[in-house]
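Subject: Structure for you to look at

Dear colleague,

Here is the structure I promised to hand over to you. Please open it beside this email, so that you can find each residue as you read.

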Amino acid sequence: LDETLAHCQRNQNSLRVPDVKLKITLQSGKEMTPGFNIRPFTKECLEMVNQYFEVIVFTASHKYYADVILDYIDPEKKLIQHRLYREHCIPTSDGVYIKDLRIFKNRDLKDLIIVDNAIYSFGYQLSNGIPIIPFKDDKDDIEFTCLMNYLEKIKDEPDFRVPN
């Protein structure tokens, strides 16, 4: 989610006007309205991958935060079939969260792809990962067009992890 699909502008003094401001209600009940930049081609990418893949957002963010952004990106809940949050990750002693794909008990690892800007996020299954450049505010970012091209090429591979 963060720095892959969107970027939260916590600093209100940012030079770029955010794409959208969304109200987040913290667990404490306190409300905040940060700005968010949505990565260019997000909707197009989600629409394209839905033709071939089931989409699951697996984020290290808290549910109360992530759902606000995901509901904005996919208000009709048609592009993202499932959501996993921080509580589904494995915390390390260094304070990072690893997204262990073995959480999907009913799926073979050869059928799982994880796209993330933080390689450590998929450290337990490096061969399942597609690293992506972190996104903050570049309106000219084309990472998702590159991702769409790559996914189009591998969509019929029995195991994309094995080079031909």
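Below I go through what was found, beginning with the sheet and ending with the cysteines.

Please keep in mind throughout that this is a predicted model.

**The sheet and the helix on it**

A good place to start is an open sheet of 3 strands, which are arranged in the order 1-5-2 with antiparallel pairing. Strand 1 (6–9) and strand 2 (20–21) form the edges of this sheet, and each of them pairs on one side only. If you look at where strand 2 meets strand 5, you will find that they pair in the antiparallel sense over 2 bridges, and that K21 stands opposite G35 in strand 5. Helix 2, which covers residues 63–73, packs on the sheet and touches strand 1, strand 2 and strand 5, while its direction makes about 50° with that of strand 5. As general background, the strands of a sheet pair through backbone hydrogen bonds, and they can do so in either a parallel or an antiparallel way.

**Aromatic pairs**

How many aromatic pairs are there? The count comes to 3, and I describe two of them here. One of them is formed by F36 and Y65, whose rings are tilted, with 6.0 Å from centre to centre and 50° between the planes. Because F36 lies in strand 5 and Y65 in helix 2, this pair ties together parts that are 29 residues apart in sequence. Both partners are buried, F36 with a relative accessible area of 0% and Y65 with 10%.

Another pair is made by F58 and F104, and it is edge-to-face, with the centres 6.2 Å apart and 85° between the planes. F58 belongs to strand 6 (residues 56–58), whereas F104 sits in the loop between strand 9 (97–98) and strand 10, so the pair ties together parts that are 46 residues apart in sequence. Here too the residues are buried, since F58 has 9% relative accessibility and F104 has 12%.

**Salt bridges**

A search of the whole structure finds 15 salt bridges, and I would suggest that you look at a few of them one by one. The side chains of R39 and D141 meet in a salt bridge with 2.9 Å from N to O. This pair links distant parts of the chain, as R39 is in the loop between strand 5 (35–38) and helix 1 (42–49), while D141 is in the loop between strand 11 (129–131) and helix 3 (143–154), 102 residues apart. Are these two residues buried or exposed? R39 counts as buried at 1% relative accessibility, and D141 counts as buried at 8%.

The salt bridge between the side chains of E76 and K78, at 3.1 Å from N to O, has another setting. E76 is exposed, with a relative accessible area of 56%, and K78 counts as exposed at 58%. In a further salt bridge, E152 is joined to K155, with their closest N and O atoms 3.7 Å apart. E152 counts as partly exposed at 36% relative accessibility, and K155 counts as partly exposed at 23%. Lastly, please find K63, D67, D71, K77 and R83, which are linked in a network of salt bridges.

**A buried asparagine**

N128 has its place in the loop between strand 10 (114–116) and strand 11, and at 1% relative accessibility it counts as buried. Leaving aside residues up to four places away in sequence, N128 touches L101, L109, L112, I113, I114, F160 and R161.

**The cysteines**

How many disulfides does the structure hold? The structure holds 0 disulfides, and the distances help to explain this. The sulfur of C8 is 18 Å from the closest cysteine sulfur, which is in C89, and this is too far for a bond because a disulfide needs the two sulfur atoms to be within 2.5 Å. C45 is likewise in no disulfide, the nearest cysteine sulfur, that of C146, being 11 Å away. Both C8, at 4% relative accessibility, and C45, with a relative accessible area of 5%, are buried.

With best wishes

Notes. Residues are numbered from 1 along each chain as its sequence is written. This is a predicted model: local features need pLDDT of at least 70, side-chain atom pairs count only at pLDDT 80 or more; totals for chains, interfaces and linings use all residues. Side-chain values use heavy atoms; hydrogens and water are left out. Buried means under 20% relative accessible area, exposed over 50%, partly exposed in between (1.4 Å probe, protein chains only). A salt bridge is a side-chain nitrogen of Lys or Arg within 4 Å of a carboxyl oxygen of Asp or Glu. Helices (H or I, at least four residues) and strands (E, at least two) are DSSP runs, numbered from the N terminus. Two strands pair if DSSP finds at least two bridges between them. Contact means heavy atoms within 4.5 Å. Axes are lines fitted to C-alpha atoms, for helices over the stretch in contact, and angles run from 0 to 180 degrees between N-to-C directions. Rings of Phe, Tyr and Trp (its six-membered ring) pair if their centres lie within 6.5 Å; planes under 30 degrees apart count as stacked, over 60 as edge-to-face and the rest as tilted.
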